[in-house]
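Subject: Structure handover

Hi,

Here is the structure I promised to pass on. Please open it alongside this note.

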Amino acid sequence: MHLTPLLLPLLGLLAQTTQVDSAALTTQKLSNRIECQRTARNCPKGTILVSATDARAKYKTVQSAIDSLPNDDTTQTILILEGSYTEQLNVTRAGPITILGETDSPTDASKNKVNLNFAAANQDSTGTDDNTWYSVLVVAPTLDASLVGSGTTGFAVPADTPFGNRDFRVYNVDFDNDFAPYTDGPAAALMFSRANGGFYYCGFYSYQDTIYIGKLGNAYFYKSIIAGETDFLYGFGTAWIQSSDIKLRGCGGGLTAWKGTNTTFENKYGVYVVDSNIAAANSSIAPDIKGKCSLGRPWNSEHRSIFADTWEDGSILPAGYTHWISSGVDRFEEGITLMAEYQAYGPGFNRTARIEGGIDTLLTKSGYKEYSTPALVFQDQEGTFGDVSWIDWETVEGK
Ligand SMILES: *[C@@H]1O[C@H](CO)[C@@H](O)[C@H](O)[C@H]1NC(C)=O
Ligand SMILES: *[C@@H]1O[C@H](CO)[C@@H](O)[C@H](O)[C@H]1NC(C)=O
Ligand SMILES: *[C@@H]1O[C@H](CO)[C@@H](O)[C@H](O)[C@H]1NC(C)=O
Ligand SMILES: *[C@@H]1O[C@H](CO)[C@@H](O)[C@H](O)[C@H]1NC(C)=O
């Protein structure tokens, strides 16, 4: 848009007024949520309390609270009080749901007090079993929508499957699949398909396949912690990981393993890691994995991943990414597979080695532009871009 100098002061004034208004609104809403999480007071009307031990709670398990929600379009809030809950959660409801974890440190995921855990992994080497049964949390409208399936295109979800949750939000909750302290079969903490959701100050802990974003899944992560060893960000859908900490508990496969889908419309399915930090999980493991961890490998040739403005510690492989050769066929296809970085930095980023490796795309500013905001990559099932109303912008911008 071309602006005449005359209009500029007026626009400045308008922008200022809007800013003041939205800031006031933000403070109000944010402070209510934070007070609710700190004290269980000032929560939205009808908030359901969960605790295994606290007498104020209506439900002792999170799943029983989820099961109690009306099957309608109303926004529902669940406050989970401090504690460790060993359960598997399954959310099919389409109406908006907000899950709050009790905390004294609402802006620090490393101090979360609500831990949802389960120990299970898919060890079926014949490949007939499906990973969906092993996750701590599954969000999908139907069983079919949650299935991963196998082969290059995965499970063929029937076209008439409805879309699931349109606005799912979680704050300050850890999801921990503690099946084994090493890679031992897919052991997801989160599986998220055919739904829109945001995770704020959450933790996701496992070794193999920690987070799965399935077909038509749109997931946004903010100031969260994601820990894993093998292919621990995988899927078909779209994940945007903003200002988060990625913790390497070892190196196996790649940090990302995405499978693209051919659609009649242009799609930008993939995983976008932005303004984040990638580092060894602790100083004991750091020397063992120095220079060894791959940023990703293509689960099929349409894999798309970008690490943008992200700091990488010395654990990252000099070439950045790796090939995935299956039955003698290299899934990396020049010009189709996008395994990229944009302005990545830190001891793990070696430009010379990246170029020599020939597999990592180092995006220029103009090459990155089309992926540079959540609104440019999240899209609905018809392929329309731009609906990011389900992201909590007040929390993201109120930082
Ligand atoms: C989740 O619940 C739905 C509805 O009851 C059920 O059909 C589906 O099998 C469940 N999914 C999992 C992974 O347990
Ligand atoms: C460091 O991380 C590794 C990988 O998760 C774990 O096995 C080990 O116990 C951790 N060590 C310490 C001292 O926390
Ligand atoms: C997508 O289409 C291309 C070109 O026809 C083909 O090579 C590729 O295998 C297809 N990928 C999937 C996942 O269907
Ligand atoms: C970066 O990679 C190049 C090429 O492999 C290598 O010669 C160089 O030593 C590396 N630099 C650092 C700081 O590791």
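Below is what I found, from the whole chain down to single residues and then the ligands.

First, a caution: this is a predicted model.

**Overall build**

The protein chain has 399 residues and a radius of gyration of 21 Å. A compact globule with that many residues would come out near 21 Å, so the chain agrees with that expectation. Along its principal axes, the C-alpha trace spans about 65 × 60 × 50 Å. Buried residues account for 47% of the chain. Long-range contacts are well represented: of those between residues at least 6 apart in sequence, 63% join residues at least 24 apart.

**The sheet**

The secondary structure comes to 8 helices and 27 strands. One open sheet takes in 11 strands, paired in parallel. Its order is β1-β2-β5-β8-β11-β14-β17-β20-β22-β26-β27. At the edges sit β1 (48–50) and β27 (361–362), each pairing on one side only. In general, sheet strands pair through backbone hydrogen bonds, parallel or antiparallel.

For one pairing in detail, look at β5 and β8. Strand β5 covers residues 97–101 and strand β8 covers 168–171. The two run parallel and are joined by 4 bridges. Thr98 has Arg169 in β8 as its bridge partner.

**Val274**

This residue belongs to strand β20, residues 270–274. Is Val274 buried or exposed? Val274 has 20 other C-beta atoms within 10 Å, so it counts as buried. Beyond its neighbours within four places in sequence, Val274 is in contact with Trp240, Ile241, Gln242, Ala308, Asp309 and Thr310. Phe163 is a long way off along the chain: Val274 and Phe163 are 111 residues apart in sequence, and 27 Å apart in space, C-alpha to C-alpha.

**Ligand surroundings**

Three of the ligand shells are worth a look.

- Ligand 1 has Asn90, Thr92, Thr132, Trp133, Val138, Leu143 and Ser146 around it. That shell divides into 3 nonpolar, 4 polar and no charged residues.
- Ligand 3 is surrounded by Thr152, Thr153, Asn262, Asn300 and Glu302. Here the split is no nonpolar, 4 polar and 1 charged.
- Ligand 4 has Pro318, Asn350, Thr352, Ala353 and Glu356 around it. This shell holds 2 nonpolar, 2 polar and 1 charged residue.

Best wishes

Note on methods:
Residues numbered from 1 in each chain as written. Chains lettered and ligands numbered in written order. Predicted model: local features only at pLDDT ≥ 70, side-chain atom pairs only at ≥ 80, totals over all residues. Near = placed C-beta within 6 Å. Nonpolar A, V, L, I, M, F, W, Y, C, P; charged D, E, K, R; others polar. Buried ≥ 20, exposed ≤ 12 C-beta atoms within 10 Å, placed from the backbone. Contact = placed C-beta atoms within 7 Å. Pairing = 2+ DSSP bridges. Rg over C-alpha atoms; globule rule 2.2 N^0.38 Å.
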